[in-house]
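Trainee: I would like to take a close look at a single part of this structure and follow its surroundings step by step. Could you guide me through one residue and what lies around it?

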Amino acid sequence: MRFNTEVFKSNLPRRAIIVYAYLYGRVNAQGYCWPSSNCIARECGMSQRTVFRAINDLRKAGFIITNKRKRSDGGYGSLLFQFPDISAKSAK
């Protein structure tokens, strides 16, 4: 797996780059991870609202894809984060 350095060349805010690096550090071989927004906020030293804005920035820029995860009780769990570059390579 290789870190996408294009994130540094983008015009994304620093919050998005920090969250991208955090998520990338937790990604599995298939290009997925699913930390909670609470965990991301705590580990990155920012508010949950800032984390949500960073995730939205990254999604709009195409660096990540997010999907809601359903729990067995019918509620929703943390988001499933997908890194398109890694996911495409692991599918080959």
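Mentor: What follows is a walk around one tyrosine, Tyr-20, which is found in helix 2. Please keep in mind throughout that this is a predicted model.

Let us begin with how far the residue is shielded. Tyr-20 has a relative accessibility of 2%, and because buried means under 20%, Tyr-20 counts as buried. In general, nonpolar side chains tend to be buried together in soluble globular proteins. Here the largest nonpolar core has 24 residues, and Tyr-20 is listed among those with the most contacts inside it, together with Val-19, Leu-23, Ile-40, Leu-58, Ile-64 and Phe-83. The elements that give two or more residues to this core are helix 2 (14-24), helix 3 (37-44) and helix 4 (48-61), and helix 2, where Tyr-20 is found, gives the most, with seven residues.

Next, consider what Tyr-20 touches once residues up to four places away in sequence are left out: its contacts are then Phe-3, Asn-4, Val-7, Leu-58, Phe-63, Ile-64 and Phe-83. Two of these residues, Phe-63 and Phe-83, join Tyr-20 and Tyr-24 in one aromatic cluster.

To read such a cluster, it helps to know that a pair of aromatic rings is described by the distance of the centres and the angle of the planes. A search of the whole structure finds four aromatic pairs. In one of them, Tyr-20 and Phe-63 meet edge-to-face, with 5.8 Å from centre to centre and 70° between the planes. This pair links distant parts of the chain, since Tyr-20 is in helix 2 while Phe-63 is in the loop between helix 4 and strand 2 (65-67), 43 residues apart. Both Tyr-20 and Phe-63 are buried.

Another pair is formed by Tyr-20 and Phe-83, and this one is tilted, at 5.4 Å centre to centre with 55° between the planes. Phe-83 lies in the loop between strand 3 (80-82) and helix 5 (84-90), while Tyr-20 lies in helix 2, so this pair ties together parts that are 63 residues apart in sequence. Phe-83 also counts as buried, because its relative accessibility is 2%.

Now we can step back to the helix that carries Tyr-20. Two packed helices are described by the angle between their axes and the distance between the axes. For helix 2 and helix 4, the angle is about 85° and the axes are 8 Å apart, and the two helices are therefore roughly perpendicular to each other. On the side of helix 2 the contact is made by Arg-15, Ala-16, Val-19 and Tyr-20, and on the side of helix 4 by Thr-50, Arg-53, Ala-54, Ile-55, Asp-57 and Leu-58.

Asp-57, which has its place in helix 4, deserves a pause, because its relative accessibility of 17% means that it counts as buried. Leaving aside neighbours within four places in sequence, Asp-57 is in contact with Leu-12, Pro-13, Arg-15 and Ala-16.

Finally, helix 3 also adjoins this region, for its buried residues pack against helix 2, helix 4 and strand 3. The buried residues in helix 3 are Ser-37, Cys-39, Ile-40, Ala-41 and Cys-44; among them, Ile-40 belongs with Tyr-20 to the list of residues with the most contacts inside the core. Just after helix 3, Gly-45 takes a positive phi of about 70°.

Conventions: Residues numbered from 1 in each chain as written. Predicted model: local features only at pLDDT ≥ 70, side-chain atom pairs only at ≥ 80, totals over all residues. Heavy atoms only, no water. Core = buried A, V, L, I, M, F, W, Y, C linked by side-chain atoms within 4.5 Å. Buried < 20%, exposed > 50% of the residue type's maximum accessible area, 1.4 Å probe, protein only. Helix = DSSP H or I, 4+ residues; strand = E, 2+ residues; numbered from the N terminus. Contact = heavy atoms within 4.5 Å. Phe/Tyr/Trp six-rings, centres within 6.5 Å; stacked < 30°, edge-to-face > 60°. Axes fitted to C-alpha atoms, helices over the stretch in contact; angles between N-to-C directions. Parallel < 35°, antiparallel > 145°, perpendicular 65-115°, else oblique.
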